[in-house]
Amino acid sequence: MAESLAEHERILQEIESTDTACVGPTLRSVYDDQPNAHQRFMEKLDACIRNHDREIEKMCNFHHQGFVDAITELLKVRADAGKLKVQVTDTNRRLQDAGKEVIAQTEEIIRCRIQQRNITTVVEKLQLCLPVLEMYSKLKEQMNVKRYYSALKTMEQLENTYLPRVSQYRFCQIMIENLPKLREEIKEISMSDLKDFLESIRKHSDKIGETAMKQAQQQKTFNTVLQKQNNVNYGKNMYVINGRVPEPKYEITSKRTLEEEDEHEEEVLTAHDLVDFSPVYRCLHIYSVLGDGETFENYYRKQRRKQARLVLQPQSSMHETVEGYRRYFSQIVGFFVVEDHILHVTQGLVTRAYTDELWNMALSKIIAVLRTHSSYCTDPDLVLELKNLIVVFADTLQGYGFPVNRLFDLLFEIRDQYNETLLKKWTGLFRDIFEADNYSPIPVANEEEYKIVISKFPFQDPELDKSFPKKLPMSQSVPQIYIQVKEFIYASLKFSESLHRSSTEIDDMLRKSTNLLLTRTLSSCLQNLIKKPHIGLTELVQIIINTTHLEQACKYLEDFITNITNISQETVHTARLYGLSTFKDARHAAEGEIYTKLNQKIDEFIQLADYDWTMSEPAGRASGYLMDLINFLRSTFQVFTHLPGKVAQTACMSACQHLSTTLMQMLLDSELKQISMGAVQQFNLDVIQCELFASSEPVPGFHGDTLQLAFIDLRQLLDLFMVWDWSTYLADYGQPTSKYLRVNPSTALTLLEKMKETSKKNNIFAQFRKNDRDKQKLIETVVKQLRSLVNGMSQHT
């Protein structure tokens, strides 16, 4: 019981000291306790409440008087408070009336301050925006005056510096949106300018190249003049021609050239003077600023490659004139001069590797084009002009740092073609000289004419006879041929100039080309001349004399080349001229043609023979055709006095042998069926005239009866039949000492059978005369013996 009271006491204390929101758990503990605990707790609670009421009553009783006093004081203050309220209200009214003006002024001040603050803000913002607007205005102005590179720099400043400060404004957004469009516009405009520039340099490339080549040629001419002046001062490279030293005519030329150089020195133009390169610089800078430099470089190189292919494509008729080649070279030089200029004034747009690659491609194409078109050239002057253009072309590009060795190698190929065209041209010249020649010795009326001849041809007169008039042994073609050979050497030398070759190489080239002229061209012309039908014996004799003098002049041609090149003939690698063999071959051909024409002429006379092979008695004199033939031979061999002895002797021996052979063939002709003894006797008279001609020594130099031996076969055959010495012939046949050693049994048999047929027809009644019968039997006996000899010879062989 006591525990429950104590518990209730604790709960009441907890309720009094705890917040009413947390009383729930405490009250729950009352109901969770023992039965009837709630009743007891309520009783305890009522007792506690009564206890508190008593305490409150005591406290109120204690403070009641103070409360009454306070209320009394408040009632006293009420009247004073009403008065104070009236005063305060009046004061407030008066204060409100007085503050209305102040409020109005204050509000005005506030409004002005707000405006002032707004203005300050606007000024500050305008100060930020004005530079942007000024820069944008500047950008527009730069676009209008086409200062695109500056415009891009202005855009860059706007984007990086100015626009970020005022990016919140709408006009800035518009600007920001317009800037990429302006960049694209600048790119398009600059690209259009670049295309115009590319078109411009394509049109002006030939003018640029022409100017560059002209400058290179002027520089080369200037250097050559200086070198020649130095050579004159030191006495070098003096050409000696036929013992005469030509005057240095180029002194006047050199002075004039130097004066021209001085006059034109101020007029030297460069690629930059002829073409405005600012578009390519501007476009390069613009694309670099835009960060698209690689695209620009690729486009530029692609377009220039296309232009290079167009430039390298020649016209189909380029080979017809030198102007076609000059225009072709000028365009190529102009193209690469522009590339070289771009290479040196820009960085990265054109590189050395790119230009080298482009040049190698172009060089291969150029060489192929020149090979093809030069092969069509048949005029040596045009080929020489082409060579000079190639040299200037190569020197010009070499001055810009491009390798040109392959061009000089090509010149050696073209040089062979040049030599071929020269040889064709000189073939015509030689042919004209030979056709115009009268093939008679050169008449010289006085010493002046003699000097004129020897100034053209190194003729050495062995007799040194100065008496005039006189005749030189060679004909007019000899000095003309000699002059033309020297002209050929000069023409060949012209091509060898400026090839950057040593004197030894030039000397070797000159000698080789001269050898070709002598061994091929001149030799061919001589051979054709000799074979022409209208060339007679007199002309052939003169040709032999001419070739002899030309052969002797070959050493002077070698000296002529030596004086030009200053290369001694004793040098190990120096080639020799083959003129000796050329003229010897021509002379041998002429000699052979003389033999042939003599034989043909003899055949023509023989065809005039009109023998009566059945005559009973000879005419008593030689046949007319044979006497005409002998007279012709005598007059012909008189012309041979100027020929070398062996040639005249060989011709004479050949003529006599051919005459003997032809007469023998006439006797043995198969169509000739019968021959009388009278015809044999007449034939013998003709052979006697031939032997008399041979013994008269028509050509000096024969020993004894050498020339008469040409008719020995005929003589022994005719003697055999004239004497009718068959017993001796048959007895001595085969003996070295036989009187009729040169008579062949078959020959004798053929002739005897022809005579046998004649005897049968002419002596129909011979059987009635004993002598004729005996002669007929003898002939038959001899015929049988001869046949046995012929059969024995055939079986033995």
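Me: What span should the 23 residues of α11 have, and what do its end C-alpha atoms show?
Reply: The model is predicted. Take 1.5 Å a residue, counted for one less than the number of residues. For α11 that gives an expected 33 Å. The end C-alpha atoms of α11 lie 31 Å apart, so the two values agree.

Me: What makes a residue of α11 count as buried, and which residues are they?
Reply: The cut-off is under 20% relative accessible area. In α11, the residues that meet it are Y354, T355, L358, W359, A362, L363, I366, I367, V369, L370, H373 and S374.

Me: What covers these buried residues of α11?
Reply: Helices α9 (293–312), α10, α12 (380–399) and α13 (405–436) are among the elements that do so.

Me: Why is α10 described as roughly parallel or antiparallel to α11?
Reply: Helix α10 (residues 322–345) and helix α11 (residues 352–374) pack at about 175°. Angles over 145 degrees count as roughly antiparallel. Therefore α10 is roughly antiparallel to α11. Their axes are 11 Å apart.

Me: Which residues make the contact of α10 with α11?
Reply: From α10 come Y325, Y328, F329, I332, F335, F336, E339, D340, L343 and H344. From α11 come R352, Y354, T355, L358, W359, A362, I366, V369, L370, H373 and S374. By class, that contact has 14 nonpolar, four polar and three charged residues.

Me: How is the packing of α8 and α9 described, and what classes of residue make the contact?
Reply: Helix α8 (residues 278–289) meets α9 at an angle of about 145°. Their axes are 7 Å apart. V280, C283, L284, Y287 and S288 of α8 touch G293, F296 and Y300 of α9. Six of the contact residues are nonpolar, two are polar and none is charged.

Me: Where is confidence lowest, and where highest?
Reply: Helix α6 (residues 250–264) has the lowest, with a mean pLDDT of 39. Helix α22 (residues 677–695) has the highest, at 92. Over residues 234–266 the pLDDT is below 50. That stretch still has 31 contacts in the model beyond near neighbours in sequence. Residues 764–768 also stay under 50, with four contacts beyond four places in sequence.

Me: What is the average pLDDT of the protein?
Reply: It is 82, and 87% of the residues score at least 70.

Me: How many helices and strands does the protein have, and what share of its residues is buried?
Reply: There are 26 helices and two strands. Of the 797 residues, 39% count as buried.

Conventions. Residues are numbered from 1 along each chain as its sequence is written. This is a predicted model: local features need pLDDT of at least 70, side-chain atom pairs count only at pLDDT 80 or more; totals for chains, interfaces and linings use all residues. Side-chain values use heavy atoms; hydrogens and water are left out. Axes are lines fitted to C-alpha atoms, for helices over the stretch in contact, and angles run from 0 to 180 degrees between N-to-C directions. Helices (H or I, at least four residues) and strands (E, at least two) are DSSP runs, numbered from the N terminus. Angles under 35 degrees count as roughly parallel, over 145 as roughly antiparallel, 65 to 115 as roughly perpendicular and the rest as oblique. Contact means heavy atoms within 4.5 Å. Ala, Val, Leu, Ile, Met, Phe, Trp, Tyr, Cys and Pro count as nonpolar, Asp, Glu, Lys and Arg as charged, and the others, Gly among them, as polar. pLDDT is the predictor's confidence in each residue, from 0 to 100. Buried means under 20% relative accessible area, exposed over 50%, partly exposed in between (1.4 Å probe, protein chains only).
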